[in-house]
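Guide: Which single part of the structure would you like to look at closely?

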Amino acid sequence: MSDVNSDEGDIMYGLKTVLAQIEGAVARRSKDLPQVATKLVAVSKIKPVSLIIQAYEAGQRHFGENYVNELAEKAHNPQIIEKWSPGLYIVETVDSERLADNLNKQWVKIRKSDEKLNIMVQVNTSAEEAKNGVEPSQATNLVEYVIKKCTDLNFKGLMTIGQYDYDTSLGPNPDFLSLVKCRQEVSEKLNLDINDVELSMGMSTDFEHAIELGATTVRVGSKIFGARPPKN
Ligand SMILES: *Cc1c(COP(=O)(O)O)cnc(C)c1O
């Protein structure tokens, strides 16, 4: 049939494949780690709204955006407004008080009800200049700031990107181990239940490894939506 949209089939297939891999990795996760359900966040950056709607229709419910302007744009899209519900979106890239304040302010303008915006604090676990994120030692301060000062943001957890192409034959990815340790520290210092602080780590190429090390959220883009054009 000529009117079958091939992208749609691909998105459904991509989602199913990723969900099956998540399930497999959860079963392999160390029993010492909190056995919480693992959430798939579909990272839809740069992708058109039509693909997001397709993913939604295939059952996907959590979407991540990196940039406030993209979030604002999508929040105003009539197709998305129709399906908008609290918690549909999460911004995982908060790495400064300034950005947190800014998001808090923007959110009040674009939201549809008095729901809070879910956010995560991004931690630069690999100490790479080119990466965003607070240093692990600063994470507690920023989380405390968000909880106390940003009344329209809802702190959900910690996120790291980590090194690309880490070779897992060398052992567990040190970035993921570092984020696990960071959560321990943040939870203890701020008296938070560790099971309520999510760990977002792992992307298309390494989400299974991240889950085995304790990820509670994985962010997958290209494996669902297809490859993005290279930067620049
Ligand atoms: C783009 C992006 C992802 C998804 O990357 P893929 O490799 O396409 O799965 C995850 N997290 C962040 C922060 C991103 O910017």
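Visitor: Please take a close look at K45: is K45 buried or exposed?

Guide: K45 is buried, because its relative accessible area is 19%. Buried here means under 20% relative accessible area, exposed means over 50%, and partly exposed lies in between, computed with a 1.4 Å probe on protein chains only. This is a predicted model in which local features need pLDDT of at least 70 and side-chain atom pairs count only at pLDDT 80 or more, while totals for chains, interfaces and linings use all residues. Residues are numbered from 1 along each chain as its sequence is written, and side-chain values use heavy atoms, with hydrogens and water left out.

K45 sits in the loop between β1 and α2 (49-57). Helices (H or I, at least four residues) and strands (E, at least two) are DSSP runs, numbered from the N terminus. An unreviewed UniProt entry annotates K45 as "modified residue: N6-(pyridoxal phosphate)lysine". UniProt positions follow the numbering used here, feature names are shortened, and annotations may be inferred rather than shown by experiment.

Now take the two elements on either side of that loop. On one side, β1 pairs with β7 in the parallel sense over four bridges; two strands count as paired if DSSP finds at least two bridges between them. One of the contacts in this pairing joins V41 to R219, its bridge partner in β7. Within strand β7 (residues 217-220), T217 and R219 point one way and V218 and V220 the other way, yet all are buried.

β1 also takes part in a salt bridge, which is a side-chain nitrogen of Lys or Arg within 4 Å of a carboxyl oxygen of Asp or Glu. K39 meets E198 in this way, at 3.4 Å from N to O. This pair links distant parts of the chain: K39 belongs to strand β1 (residues 39-43) and E198 to strand β6 (residues 198-200), 159 residues apart. E198 counts as buried, because its relative accessibility is 15%.

On the other side of the loop, α2 is mostly covered, with seven of its nine residues buried. The buried ones are V49, L51, I52, I53, Q54, A55 and Y56. Just after α2, G59 takes a positive phi of about 110°.

Beyond this neighbourhood, the structure holds nine salt bridges. One of them joins the side chains of R28 and E212, at 2.7 Å from N to O. Here too distant parts of the chain are linked: R28 lies in helix α1 (residues 6-28) and E212 in helix α8 (residues 207-212), 184 residues apart. R28 is partly exposed, at a relative accessible area of 47%, and E212 is also partly exposed, at 26%.

A salt bridge within a single helix joins E144 and K148, at 2.8 Å from N to O. The two are four residues apart in helix α6 (residues 139-149), so about one helical turn separates them. An α-helix has 3.6 residues a turn, so residues three or four places apart point the same way. E144 counts as partly exposed at 29% relative accessibility, whereas K148 is exposed at 58%. Elsewhere, salt bridges that share partners join R28, E208 and E212 into one network.

α6 has buried residues too: A139, T140, L142, V143, Y145 and V146. Their cover includes β3 (89-94), α5 (97-110), β4 (117-122), β5 (153-159) and α7 (174-190).

What about cysteines? The whole structure has zero disulfides, a disulfide being a pair of cysteine sulfur atoms within 2.5 Å. The sulfur of C150 has its closest cysteine sulfur in C182, and at 18 Å that is too far for a bond. C150 is buried, with a relative accessible area of 1%, and C182 counts as buried at 4%.

Last comes confidence. pLDDT is the predictor's confidence in each residue, from 0 to 100. The protein averages 87, and 91% of the residues score at least 70. Among its helices and strands, α6 has the highest mean, at 98, and helix α4 (residues 78-83) the lowest, at 71. Over residues 1-6, pLDDT stays under 50, and the model has one contact for them beyond four places in sequence; contact means heavy atoms within 4.5 Å. Where pLDDT is low, the predicted coordinates should not be read in detail.

To return to the request: K45 is a buried residue in the loop between β1 and α2.
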